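User: Please take a close look at one part of this model, the surface that faces the DNA. Set it in the context of the chain and of the contact between the chains.

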There are 2 protein chains.
Amino acid sequence: MTNTKIKNMEDFAAISGLSRPTVSKYFHDPSSVRPTTRARIEAALEQYNYRPNIFAMNQNRKLTKNVGIVVPYLADPFFAEIVRVIERRCVEAGLSPFLFNSQGEPGYEIDILDTLRSLKPAGVLLAPLGRQSDKRAIESFCKDVPTVLFDSNLEDLGEAFVGSDNRSFVSQTVEYLTRTGEPPCFFEMKTPANPNANKRRLAYIEMMDRLGFEPHIVPIKGSGWAFEEIGRQGALKALIEGAFASNTVLCSNDRLAIGLLSACYKMGVKVGRNDDCALRVASHDDHPFSRFTCPSLTTAAHDYSAVSDEVVATLFKLIESGGRLDSRTEQLFPARLIMRDSA
Amino acid sequence: MTNTKIKNMEDFAAISGLSRPTVSKYFHDPSSVRPTTRARIEAALEQYNYRPNIFAMNQNRKLTKNVGIVVPYLADPFFAEIVRVIERRCVEAGLSPFLFNSQGEPGYEIDILDTLRSLKPAGVLLAPLGRQSDKRAIESFCKDVPTVLFDSNLEDLGEAFVGSDNRSFVSQTVEYLTRTGEPPCFFEMKTPANPNANKRRLAYIEMMDRLGFEPHIVPIKGSGWAFEEIGRQGALKALIEGAFASNTVLCSNDRLAIGLLSACYKMGVKVGRNDDCALRVASHDDHPFSRFTCPSLTTAAHDYSAVSDEVVATLFKLIESGGRLDSRTEQLFPARLIMRDSA
DNA sequence: TTAATTATTTTACGCGCGTAAAGTTATATC
DNA sequence: GATATAACTTTACGCGCGTAAAATAATTAA
């Protein structure tokens, strides 16, 4: 490394004895220049370690390599995990992912979308807040920027939706639980912000009806994203008041279940499927920590890998089609039941 | 909202009847223009909802409002939580945080630093990978971009370091455990990537020595960031082989402890401080989930809020000082012992 | 009202790069 | 070695904005 200061592409072109447009062409596609030219550039690259300014590049480009990834709450390991996989796929495909966290607040979500307009991304992967999202703002954004929704569906917004089939989740857990023991009651937040939660409740009721059982919902109070604490408090209350109508509890999601399990442990309620257990607990999501709960959590797992792959594949298709798709597709992935020790 | 298309500041200045530089000045500081002018701009703003392109703004600015936040592994809730707080503080201060995840890979970390150069951030908050980091690359980056290190210290790199005082963490847990029962053995990964882990081991040995007890280290194998699984496998092995030299185990961090607790539950080893318990377990970090483990985890807590505040405050000081500080400060925060049920 | 003090406009250039068109050189084909 | 075909260079403009200097207009002080 020589310490001549290379400030921009002009400088770099000069020291490699080429014109700037040629160098620019190289960075756009290294194979588009003559091999000897390419070798010269790459030799200079080794010496000076120059990299073009990605934002200046995007300023006057028809199609950038940027992609925006927006999630509602990154401190939720579910999103952290799915984002991790998506980011890798994007980098492998030569795209530059930019990650944004709405932090559960509609105001942030809108600000993020504004920032994303400036980024001029080739496409955006958006997991919206859900009920709290400003649909008008998102609709306007989707008109300007090719967007794939994931996790939470907002009707007719974005070019496509990729998510999980909540009915598949619930039908598998309910089927399993009813087949192997008492029909479950359903443990959930009273007013969930996430549309998936509503779909799960409806699926539970429908499934119980179909199987000829009486659905029992145990709604607990609380709002925000501290689901474990909400689940714990709600479960303590429910256990004390005897609100569980069955010895089997199906939680809307794993984070609530984690709180519930912690409450059970505290109260000395043994959870599991053995005879000496007082309660069976199952749930949905296969949260990264659900294998480490005590007991380990029986749950319906997202196919993280398939969802991530499809999200990214849809994004690529969208980009290749010039930002618009013929029709809005909704791709839903079924769950895989993971039997562990809690039910 | 009128649907005249406002594409840039030129357009916006035109419809508000002002010149572009005046509008530019307004966005730089709204109070720097005459009140009547300000009112005109803000009225137009309501109608057309224009926002300047943040990246074009930064292109020719001496000092941008961008800050970069880099963490080694975002799927670790510890980082997710600290990032959440830091991001909020930045937004409140009118800065635009950009979040990057090294994903445990040195190559990513370097790529991120390159992207960050393009972003021209006013400052960067960097939690490096640690031992695996390319120190030369980071050193070179820190020369160009004002950087505050946090979480993991790399000697002499960056303008400042903000982190936790590992000795305070370990001394409090060791002191508590020895005072209330058997002296603990120390459960950790054999070759931890994070420098904090090494400091904790040394602090454990020193503390045990000082108190006149024999230190016992239980090193487990494994690499990567799946600490819970590593802890679980290591603990299963240790339990079967009787490798715990004491009925008290102090884990290097909560994620290992979560794995250990899950192994104990599996093996029917009751954990807690009551007489009917076979093992006491304590740890360090106060991981967001440690209050929901079974039993809840006794741990030395980071002062998340204080660390985040100091990280951001140091960043602000650094920015105000023009990107350099007189001397490199290392600010370490003590732990707060949180007594829960596991020990 | 006039002078002094702001605020604003005009002008002009820069940031670091993309990109298109026209002209020039190097490589491949015969 | 002449010609066709790439590859390359030059030139010139654009992206959306910052910013500095000089000229003009509006406000305030006198």
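Analyst: The account below starts with the surface near the DNA and then moves to the chain, the contact and the cores.

The model is predicted. Around DNA strand C there are 25 residues. The closest of them come from both protein chains: A:Asn8 and A:Ser24 on one side of the list, and B:Thr22, B:Arg34 and B:Thr37 on the other. By class, the residues of this surface comprise twelve polar, nine nonpolar and four charged. Three helices each supply at least two residues to the surface near DNA strand C: helix H2 (20-28) and helix H4 (54-59) of chain A, and helix H2 (20-28) of chain B. H2(A) has the largest share, with four residues.

The chain behind this surface can be described next. Chain A is split into domain 1 (9-52), domain 2 (66-164 + 305-335) and domain 3 (166-301). Domain 2 is thus written as two segments, 66-164 and 305-335. Between the C-alpha centres of domain 1 and domain 2 of chain A the distance is 34 Å. Along the principal axes, the C-alpha atoms of chain A fill a box of roughly 80 × 40 × 30 Å. Chain A holds twelve helices and twelve strands. It has 343 residues, and 46% of them count as buried. Among contacts in chain A with a separation of 6 or more, 72% are between residues 24 or more positions apart.

Next comes the contact between the protein chains. Chain A and chain B each bring 35 residues to the contact. On the side of chain B that touches chain A, two or more residues come from each of helix H4 (54-59), helix H5 (77-92), strand S2 (96-101), helix H6 (106-119), helix H10 (227-241) and helix H11 (254-267) of chain B. H5(B) gives the most, six residues. The residues on this side of chain B divide into 17 nonpolar, ten polar and eight charged.

Last come the nonpolar cores. The largest has 85 residues, and within this core A:Leu125 and B:Leu125 touch the most other members. Beyond its neighbours within four places in sequence, B:Leu125 is in contact with B:Val67, B:Ile69, B:Ile86, B:Val148, B:Phe150, B:Val311 and B:Leu315. A separate core of 82 residues includes A:Leu297, B:Cys185, B:Phe292 and B:Ala335.

Conventions. Residues numbered from 1 in each chain as written. Chains lettered and ligands numbered in written order. Predicted model: local features only at pLDDT ≥ 70, side-chain atom pairs only at ≥ 80, totals over all residues. Domains from an automatic or database assignment. Near = placed C-beta within 6 Å. Nonpolar A, V, L, I, M, F, W, Y, C, P; charged D, E, K, R; others polar. Buried ≥ 20, exposed ≤ 12 C-beta atoms within 10 Å, placed from the backbone. Contact = placed C-beta atoms within 7 Å. Core = buried A, V, L, I, M, F, W, Y, C linked by C-beta atoms within 7 Å.
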